[in-house]
Amino acid sequence: RQYDVGILPVTQRSDYTLIVPPQAVDFRTESFCSQECFDAFIDEAGEPIQVFADLLHAHLLGRKMRTTLIRDGVETVVSKDDNYDFNLQYIRMLDKEVIIHKGDMIKTQCTYSSAHMNQAVYGGIGTENEMCQSWLFYYPKMNMRTCSSYPHPLSILSFAGVEEIDFSVSTPVWTNTIPVVKPDSMFNMTYADVVESIVWDQDKAQRFSQHVLDGQHVSTCYGNVHSNVNTAPYRKETRLPRPTIPAAAPEDVCSTSTGTAGPQMFFLLPFVALMSCAFMFTL
């Protein structure tokens, strides 16, 4: 055959940096795959990649999802589901293949509803946890294995008054154990201690969403065993990419999922579980 197919997850890290507060109606998170990561691996592959399908994946609180491409400041929708249902997941075959060139970025956006919850839900592999993932099916296969971002832990904790933590993006640790350094009144509290002490209401949940979106994030990508790309320089603090011309707002209709239905859900859930576990254990 002329090409091998690749599958690239563009995700938010599924750990304590993904927080969905209770009592939130439209709580939004975003993650992205950076231009630097795409440039390096497309260079190694020697040609752009063509995306022909996408699998959007969240858990029980997910309500809307979309994947967008940003090129020269212009954002376009690759795929979306404005009525996401955990029990109706499928691969969306794109009506038109999307070419990803050097200089492009891909962004994944998830919107959750936790109005019925009385406590926060955190990222994780369990169904009772949450995820925000876009699995791009593309060709020709390149050597990038995963591409992700996550809110910087200090950006999250600063919402609760934390000023300094003992954390470095170059030395990954379990997020929930990160110690607080300042202020003195919170010294030696852990990340988990702080986030679990927040008393949530609907207004605070919405302010937290915007606070995280506006704050610092950490971008990462990893190659497979065949890659010669050194990804260490691409693990860095940055802001979420903001297009100069955003994608059009979702249509207000009963069903606005793009693309045509692929394999049925009972084929996909084992695939998603297996791939998500494999992804988690590479972080």
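A residue counts as exposed when its relative accessible area is over 50%, and as buried when that area is under 20%. In the predicted model described here, Asn188 has a relative accessibility of 54% and therefore counts as exposed. Asn188 also has a positive phi of about 75°, although it is not a glycine. The residue is found in the loop between strand 13 and helix 3.

A second positive phi, of about 55°, occurs at Asp72, which is likewise not a glycine. Asp72 is placed in the loop between strand 5 (62-71) and strand 6 (74-81). With a relative accessibility of 73%, Asp72 counts as exposed.

Two cis peptide bonds precede proline residues. The bond from Lys182 to Pro183 is cis, with omega near 5°, and Pro183 has its place in the loop between strand 13 (180-182) and helix 3. The bond from Tyr139 to Pro140 is also cis, with omega near -10°. Pro140 is found in the loop between strand 10 (133-139) and strand 11 (144-151).

At the level of the whole chain, the model contains 5 helices and 16 strands. Of the 283 residues, 52% count as buried. The chain exposes about 13,000 Å², of which carbon and sulfur atoms supply 53%. Among contacts between residues at least 6 apart in sequence, 78% join residues at least 24 apart.

The largest nonpolar core has 37 residues, and the members that touch the most others are Ile19, Tyr112, Leu157 and Phe208. Two or more residues are given to this core by each of strand 2 (19-20), strand 8 (105-112), strand 9 (121-122), helix 2 (153-157), helix 3 (191-197) and helix 4 (202-214). Another core, of 23 residues, lies apart from it and includes Leu8, Cys33, Tyr138 and Cys147.

Tyr138, a member of the 23-residue core, belongs to the covered strand 10. Of the 7 residues in strand 10, 7 are buried. In a regular strand, side chains alternate between the two faces of the sheet. For strand 10, both faces are covered: Gln133, Trp135, Phe137 and Tyr139 are buried on one side, and Ser134, Leu136 and Tyr138 are buried on the other.

Strand 10 pairs with two strands described here. Its pairing with strand 1 (residues 6-12) is antiparallel and runs over 6 bridges; in this pairing Gly6 stands opposite Tyr138. The pairing of strand 10 with strand 4 (residues 49-57) is also antiparallel and extends over 7 bridges. There, Leu56 has Ser134 as its bridge partner in strand 10.

The structure holds 13 salt bridges. In one of them, Arg1 and Asp4 have their closest N and O atoms 2.7 Å apart. Arg1 is exposed, with a relative accessible area of 85%, whereas Asp4 is partly exposed at 39%.

A salt bridge is also formed by Asp104 and Arg71, with the closest N and O atoms 2.7 Å apart. Asp104 lies in the loop between strand 7 (92-100) and strand 8, and Arg71 lies in strand 5, so the pair ties together parts that are 33 residues apart in sequence. Asp104 has a relative accessibility of 1% and therefore counts as buried. Arg71, with a relative accessible area of 31%, is partly exposed.

The side chains of Arg92 and Asp81 meet in a further salt bridge, at an N to O distance of 2.4 Å. This pair links distant parts of the chain, with Arg92 in strand 7 and Asp81 in strand 6, 11 residues apart. Both Arg92 and Asp81 are buried. In addition, salt bridges that share partners join Arg28, Glu30, Glu75, Lys107 and Arg242 into one network.

Conventions. Residues numbered from 1 in each chain as written. Predicted model: local features only at pLDDT ≥ 70, side-chain atom pairs only at ≥ 80, totals over all residues. Heavy atoms only, no water. Core = buried A, V, L, I, M, F, W, Y, C linked by side-chain atoms within 4.5 Å. Buried < 20%, exposed > 50% of the residue type's maximum accessible area, 1.4 Å probe, protein only. Helix = DSSP H or I, 4+ residues; strand = E, 2+ residues; numbered from the N terminus. Pairing = 2+ DSSP bridges. Contact = heavy atoms within 4.5 Å. Areas by Shrake-Rupley, 256 points an atom, 1.4 Å probe, with all protein chains shown as cover. Salt bridge = Lys/Arg side-chain N within 4 Å of Asp/Glu carboxyl O.
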